[in-house]
Amino acid sequence: MADRFDKHQEPMEMKRRCPRLGHDILFEYCLESGEDDFPCWKIFDCWWEIFDVEAYLKARLPEGEYRKLAQKKPKPKVASILEIVEAAKKRTGKGSE
Ligand code: SF4
């Protein structure tokens, strides 16, 4: 997987604190720390504020792999909370009032 990425170009050398590991890691690590050496499923969430990670990955990954990764993108917390509330309403039968 990482062979698709030029390790001598930005943003490979960029660092950030990994919320999963609790210490600084290079972007390069994120590109191959997911399942089967794929990018980590949190890569969009972790890097979007630092650079245009979506455009970067879209330009380098085959379309199917990009789509698969994008589908793993975590939902915003508010959306997740609203889904949980809706599911709870349906379970208790209070959703149709
Ligand atoms: S993308 Fe994954 S490995 Fe990289 S910083 Fe985020 S959680 Fe850590």
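These are legends for a set of close-up views of a predicted model.

**View 1. The whole protein chain, laid out as β-β-α-α-α-α-α.** Before zooming in, here's the overall plan: the protein chain has 5 helices and 2 strands. Out of its 97 residues, 10% count as buried. Take the contacts with a separation of 6 or more, and 38% of them join residues 24 or more positions apart.

**View 2. The shell around the ligand, made up of 13 residues.** Coming nearest to the ligand are Cys18, Cys30, Cys40, Lys42 and Cys46. As for secondary structure, H1 and H2 are the elements that put two or more residues into this shell. Sort the shell by class and you get 9 nonpolar, 3 charged and 1 polar residue.

**View 3. The largest nonpolar core, with 6 residues.** Look here for Phe27, Cys30, Leu31, Cys40, Ile43 and Trp47. Both H1 and H2 chip in, each with at least two residues of this core. H1 gives the most, with 3 residues. Two of the names should ring a bell from the previous view: Cys30 and Cys40 belong to this core, and they're also listed with the residues that come nearest to the ligand.

**View 4. Ile43 and its contacts from further along the sequence.** Ile43 is one of the residues of the largest nonpolar core. Set aside its neighbours within four places in sequence, and Ile43 is in contact with Cys30 and Val53. Cys30 is in that core as well.

**View 5. Asp36 and Asp37, each with a positive phi.** Asp36 is found in the loop between helix H1 (27–31) and helix H2 (43–47), and Asp37 has its place in the loop between H1 and H2 too. Phi of Asp36 is near 55°, a positive value in a residue other than glycine. For Asp37, likewise not a glycine, phi is positive and near 65°. Is Asp36 buried or exposed? Asp36 counts as exposed because it has 6 C-beta neighbours inside 10 Å, and the cut-off for exposed is 12 or fewer. Asp37 has 11 C-beta neighbours inside 10 Å, so Asp37 counts as exposed too.

**View 6. Glu10 and Phe27, 17 residues apart along the chain.** Glu10 is found in the segment before strand E1 (15–17). The C-alpha atoms of Glu10 and Phe27 are separated by 9.2 Å. Why is Glu10 exposed? Glu10 is exposed because it has 10 other C-beta atoms within 10 Å. Its partner in this view, Phe27, is one of the residues of the largest nonpolar core.

**View 7. Lys72 and Cys40, 32 residues apart along the chain.** Where is Lys72 found? Lys72 is in the loop between helix H4 (63–71) and helix H5 (77–92). The C-alpha atoms of Lys72 and Cys40 are separated by 9.4 Å. Lys72 has 16 C-beta neighbours inside 10 Å, so Lys72 counts as partly exposed. Cys40, at the other end of this pair, belongs to the largest nonpolar core and is among the residues that come nearest to the ligand.

Technical notes
Residues numbered from 1 in each chain as written. Predicted model: local features only at pLDDT ≥ 70, side-chain atom pairs only at ≥ 80, totals over all residues. Helix = DSSP H or I, 4+ residues; strand = E, 2+ residues; numbered from the N terminus. Buried ≥ 20, exposed ≤ 12 C-beta atoms within 10 Å, placed from the backbone. Near = placed C-beta within 6 Å. Nonpolar A, V, L, I, M, F, W, Y, C, P; charged D, E, K, R; others polar. Core = buried A, V, L, I, M, F, W, Y, C linked by C-beta atoms within 7 Å. Contact = placed C-beta atoms within 7 Å.
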